[in-house]
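User: Please take a close look at the cysteines of this protein and at what surrounds them. I would like a connected account that I can follow beside the model.

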Amino acid sequence: MRLAHLLLLSTTTSAMIPDRIGVVGVGTISSATVRGLSKEASPPTFVLSPRNAAKSAALADDVESATVAASNQAVVDACECVVVAVLPGQAEAVLSDLSFRPDQLVVSLMVGGRAEIGPDGATAFKRTTPA
């Protein structure tokens, strides 16, 4: 599994964007990311976490290529790229229930820590700043 920290660049091309992007943790930053990427000439399909039902539904209404999944694991299972954007205090509880595939790209938008994915797909949150 490849783990990347997202650097939003002002010049990106559609060729660099995966076809299906999952979002675990639909909040302000991830919503802005989805809205921005949805404006590409060939926008990806987005599969949104149901954790924040109101924000997920509103984003799916605003972005034609977005749908809300039944669970966080359904997001992971459906996409080759998963954006993790949960608050640090929620990360361990959310990530410990998810199993990623070795070929998935995981993009972390989390502040104050990082997601670590083991060879078996198990995840853990490692705090990098004091609580």
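Analyst: What follows begins with the cysteines and then moves outward to the strands and the nonpolar cores.

This is a predicted model, in which local features need a pLDDT (the predictor's confidence in each residue, from 0 to 100) of at least 70 and side-chain atom pairs count only at pLDDT 80 or more, while totals for chains, interfaces and linings use all residues. Residues are numbered from 1 along each chain as its sequence is written, and side-chain values use heavy atoms, with hydrogens and water left out.

If a disulfide is taken as a pair of cysteine sulfur atoms within 2.5 Å, the count comes to 0. The sulfur of C79 has its closest cysteine sulfur in C81, and these two atoms are 8.0 Å apart, which is too far for a bond. Both residues are buried, a term that means under 20% relative accessible area with a 1.4 Å probe and protein chains only: C79 has a value of 0%, and C81 has a value of 5%.

C81 belongs to β5, a strand of residues 81-84 that pairs in the parallel sense with β6, residues 105-108, over 4 bridges; strands here are DSSP runs of E with at least two residues, helices are runs of H or I with at least four, and both are numbered from the N terminus. Pairing requires that DSSP finds at least two bridges between the strands. Across from C81 in β6 stands L105. Together with helix α4 (residues 88-95), β5 and β6 make a right-handed β-α-β unit, where right-handed says that, with the strands pointing away from the viewer, the path from the first strand over the helix to the second runs clockwise.

Both cysteines are also in contact (heavy atoms within 4.5 Å) with I21, whose partners beyond four places in sequence further include L37, F46 and V83. I21 is, with V34, F46 and L48, among the residues that touch the most other members of the largest nonpolar core, which has 17 residues. Such a core is a set of buried Ala, Val, Leu, Ile, Met, Phe, Trp, Tyr and Cys residues joined through side-chain atoms within 4.5 Å. The elements giving it two or more residues are β2 (20-24), α1, β3 (45-48), α2 (53-62) and β5. A second, separate core of 16 residues includes V84, V94, F100 and V106.

As for confidence, the protein chain averages a pLDDT of 81, and 74% of the residues score at least 70. Over residues 1-12 the pLDDT is below 50, and where pLDDT is low, the predicted coordinates should not be read in detail.

Note on methods. Buried means under 20% relative accessible area, exposed over 50%, partly exposed in between (1.4 Å probe, protein chains only).
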